[in-house]
Amino acid sequence: MASTEVREAYVADASAVPSSTEKHGDSNIDEKYDDIKVDEKEIEETLDLYVPLKMDPNLPYEPNPLTVRAVVVGIVLGALVNASNLYLGLKTGFTFPASIFGSIFGYGIVKLLSKSCHNWPILGGDFGPQENSIIQAAATGSGGIAGIFVAGIPAIYRLHAIEGTPQQNFGPLITITLVCSFFGLFFVTPLRKFFIIRVARELKLLFPTPTAVALTIRSMHAGAAGAREAISKLKALALAFSLALIQRVASYYAIGILYDWHPFTWIHIWSKGTSWALNIESWGWYFEWTPAFIGSGILIGMNAAISLFAGAVLAWGIIGPVLVHYGECIGKQLYPDDPYWDSLYTFASLSNLGKQKPSPRYWLLWPGVLIMVATSIAELLVQYKVLAHAGRATWKAMCGGLNQLTIKMTGKPSPFFERQASKYVQDANMVVDSARPEDQVPMWQWMLGLVASIVIAIIVFHYQWGMNPGLTILACLLGFLFSFLAIQIGAVTDQTPLTAASKASQLVFGAATSGKGYSIITAQRINLVAGGLASGAADVGNSLTSDFRTGFLLGTPPNKQWYAQAMGTLISVFLAPGLFVLFTTAYPCILSSEDTHCAFGVPSVAAWAAVAQAVTDPSVHIPWSSGIFSIVIAIVCVAQVVFRHFYLVGEREWVREYLPNWGAIALSFVLPSPVFTTASLFGALLAFTWRKWKLSSFELYGYAVAAGFIAGEGLGGVIGAVLQIAGVSGDVLGTNVGCPANEC
């Protein structure tokens with residue numbers, strides 16, 4: 001979010017809002033949008049981001065922002081992001097939201113339609129910020145649920161816990177997607193009032209990215225100046241998208257020149273066989289010109305990027321080599337029969353677990369997971385006073401609603417609910433909901449949908465995946481719990497702990513199936529699909545709450561947003577499995593743990609499979625040294641959370657931005673190599689230099705360029721899969737010059 005837009009919000013709202021804005025500094029990481037934090041400190045006495053934004057008074061009234069054109073455009077743009085996320089997730093384990101891409105590109109498309117087809121029904125007519133938020137909501141819906149197809153689902157195939165291919169299992173893939181998507185959509189709907197209205201100010205839930213999207217939409221609709229700025233952003237996004245797309249497709253035919261740079265391989269070749277250079281190459285120290293991760297670095301800021309890189313140095317430059325040196329872990333020789341390349345190893349293999357010494361990657365997986373889980377829980381628990389207050393207020397308000405429902409149904413109040421509700425006093429700091437009662441999602445809709453989705457989940461998981469109803473209900477409960485955690489932490493830190501949530505769910509189901517007579521294969525299948533239900537539902541729930549936050553700031557009726565996201569989600573139910581079939585048809589190695597030369601690193605898939613094996617297979621153990629290190633480092637991380645929250649306050653608060661981001665460090669431990677962290681650091685340095693050189697230029701173009709880079713490379717990956725199936729891909733018609741052993 002550009003600081004120009006925050007200042008514009010200050011100018012527009014200064015005379016109309018209270019002067020008690022809370023800061024959102026209680027986070028263990030840099031916010032994605034560093035300049036939001038800086039500008040908020042400058043204007044915290046006047047700008048209140050916990051109330052709807054004051055809009056341009058000249059904007060036309062929007063009686064019904066839920067239009068056909070907004071939903072269709074949003075779904076199409078979200079589909080591009082969905083395709084992008086399948087590619088990026090399988091390649092790197094990362095997925096990205098559709099919000100920035102959908103809001104800016106959607107503005108350009110619908111603005112053009114509104115002008116060129118002004119008198120046409122459906123296509124023409126006025127275009128305002130609320131309709132823009134509908135585009136973004138539909139894009140979020142159709143761009144979502146890719147996460148289960150870059151983690152748990154392919155892991156099932158890797159462990160041979162399901163028969164057939166994705167093409168043959170297309171029906172079950174659609175039904176599990178349907179359950180994950182709509183269960184998350186229904187159960188999180190009533191949480192809008194809790195997170196956006198009741199406890200937003202108390203818990204300092206600023207929702208950085210959704211807030212940034214709302215401010216971006218508002219600025220684009222702020223008169224002629226806003227329109228000019230919007231066109232500039234759109235051009236920057238379109239140019240970055242096109243360049244990234246072209247570069248990714250072209251790089252398939254010269255990957256060692258246009259995409260992967262292997263300087264240590266080059267040294268090995270030029271020096272006619274220098275083994276020390278290949279030793280460094282083996283640990284993944286090369287540079288990849290990946291627009292997606294350069295764009296990610298632009299977004300995340302210097303603290304997170306440096307922490308990511310430092311974690312990679314610690315994992316793949318210090319801990320990993322030490323483990324191999326002392327025989328605690330081993331690597332896998334890639335070309336034992338080629339004397340010129342026999343010094344090239346991989347240290348990221350997760351195959352043959354329990355049958356030989358583990359790789360450094362398996363050893364590092366456990367401290368990475370425990371750091372994520374421990375810091376996520378610690379971040380929640382340090383807010384115990386506020387959570388207790390919020391829980392009491394929510395209970396009393398719920399009792400009031402139930403009492404009113406009882407009166408409507410029976411004509412008499414409930415003595416218990418009435419007594420509990422009478423204790424409720426409106427908190428002066430509570431956010432006032434701008435949405436009218438008729439603009440809320442009707443209770444019967446989400447309650448009926450919730451019951452139906454749970455019943456369908458029980459049927460689907462029993463007959464298609466072999467889970468009994470008790471385990472399915474447990475997965476649903478975990479999905480709700482993890483959604484609550486993910487929303488609360490993400491609203492403060494802008495980093496949703498879905499990785500930690502998914503690993504925690506796998507550990508719970510490992511315990512739940514232990515000693516119950518399941519075969520190892522059955523227990524692993526249940527572990528992975530149940531974890532997918534819990535984390536997938538949490539992902540969808542977090543996305544919907546984020547959209548509610550954007551709509552709240554723009555005054556969009558929440559029921560209109562809900563319908564838009566539901567329609568987009570329905571498309572993603574068929575789109576995501578279809579794209580998964582496309583990629584696995586083009587690259588069958590995605591589903592195999594034996595192929596060390598796959599074009600996709602599938603880090604999340606390998607991690608899910610490894611955790612499932614560790615909690616279900618008695619022959620697979622967590623290394624003792626890894627367990628001890630994990631506990632010690634988790635204690636350090638929790639201590640930093642406590643230290644930051646309780647000691648680094650007031651005049652000492654400035655120290656927080658220099659603390660290491662342990663969530664980012666943990667992510668580096670889980671990734672299979674440091675290559676992505678290097679690209680992210682390059683992007684962060686690029687953004688830092690750009691800011692220093694010309695701040696106004698970065699504020700205008702920076703995040704649009706980042707969004708274009710991410711989406712452009714992702715779509716380039718989809719085109720690459722099509723080229724692979726058509727038999728005209730880079731491995732057939734291209735060159736691997738510059739790659740180690742002539743393979744990239």
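1. Lysine 193 is a good place to start: in this predicted model it counts as partly exposed, since its relative accessibility is 32%. Its salt-bridge partner is aspartate 433, with the closest N and O atoms 3.2 Å apart. Aspartate 433, at 17% relative accessibility, counts as buried, because the cut-off for that label is under 20%. In sequence the two sit 240 residues apart: lysine 193 belongs to helix H8 (residues 191-198), while aspartate 433 is in the loop between helix H17 (415-422) and helix H18 (443-463).

2. Who else joins in there? Arg192, Lys193 and Asp433 are linked in a network of salt bridges. Arginine 192 also has an aromatic contact, lying over the face of phenylalanine 548 at 5.9 Å from the ring centre. If you want a second arginine of this kind, look at arginine 248, which lies over the face of tyrosine 259, 3.8 Å from the ring centre.

3. Still on charges, arginine 436 has two acidic partners to look at. With glutamate 438 the salt bridge is 3.4 Å, N to O; with aspartate 439 the closest N and O atoms are 2.9 Å apart. Accessibility is worth checking for each of these residues. Glutamate 438 counts as exposed at 53%, arginine 436 as partly exposed at 46%, and aspartate 439 as buried, with a relative accessible area of 11%. The salt-bridge count for the model comes to seven.

4. On to the rings. The count comes to 34 aromatic pairs. Take tyrosine 87 and phenylalanine 600: their ring centres are 5.9 Å apart and the planes are at 80 degrees, so this pair is edge-to-face. Tyrosine 87 is in helix H3 (residues 68-92) and phenylalanine 600 in the loop between helix H22 (558-586) and helix H23 (603-616), so the pair ties together parts 513 residues apart in sequence. Both tyrosine 87 and phenylalanine 600 are buried.

5. A second pair, phenylalanine 293 with phenylalanine 676, is tilted, at 5.2 Å centre to centre and 35 degrees between the planes. This one also links distant parts of the chain, 383 residues apart: phenylalanine 293 sits in helix H14 (residues 291-325) and phenylalanine 676 in helix H26 (residues 675-693). Phenylalanine 293 is buried, with a relative accessible area of 1%, and phenylalanine 676 is buried as well, with 6%.

6. Which residues do ring pairs link into a cluster? Select Trp261, Trp266, Trp270, Phe287, Trp289 and Phe682 to see it.

7. Now for the backbone. Most residues other than glycine have a negative phi, so the next two deserve a look. Histidine 160 has a positive phi, near 55 degrees, and is found in the loop between helix H6 (152-158) and helix H7 (170-188). At 63% relative accessibility, histidine 160 counts as exposed.

8. The other is alanine 741, which is not a glycine either but has a positive phi of about 55 degrees. Alanine 741 lies in the segment after helix H28 (730-733). Is alanine 741 buried or exposed? At 16% relative accessibility, alanine 741 counts as buried.

9. On the surface, have a look at the nonpolar patch made by Val68, Val72, Val76, Trp120, Ile122 and Leu123, which together have about 570 Å² of accessible area. Valine 68, one of its members, lies in helix H3 and is exposed, with a relative accessible area of 52%. Helix H3 has come up before, as the home of tyrosine 87.

10. Finally, the overall picture. The protein has 28 helices and four strands. For 744 residues, a compact globule would have a radius of gyration near 27 Å, and the protein's 25 Å agrees with that. Along the principal axes, the C-alpha atoms fill a box of roughly 80 × 60 × 55 Å. Buried residues make up 59% of the 744.

Note on methods
Residues numbered from 1 in each chain as written. Predicted model: local features only at pLDDT ≥ 70, side-chain atom pairs only at ≥ 80, totals over all residues. Heavy atoms only, no water. Phe/Tyr/Trp six-rings, centres within 6.5 Å; stacked < 30°, edge-to-face > 60°. Buried < 20%, exposed > 50% of the residue type's maximum accessible area, 1.4 Å probe, protein only. Lys NZ or Arg CZ within 6 Å of the ring centre and 35° of its normal. Patch = residues over 30% accessible without salt bridge, like charges linked within 9 Å, V, L, I, M, F, W, Y side chains within 5 Å. Areas by Shrake-Rupley, 256 points an atom, 1.4 Å probe, with all protein chains shown as cover. Salt bridge = Lys/Arg side-chain N within 4 Å of Asp/Glu carboxyl O. Rg over C-alpha atoms; globule rule 2.2 N^0.38 Å.
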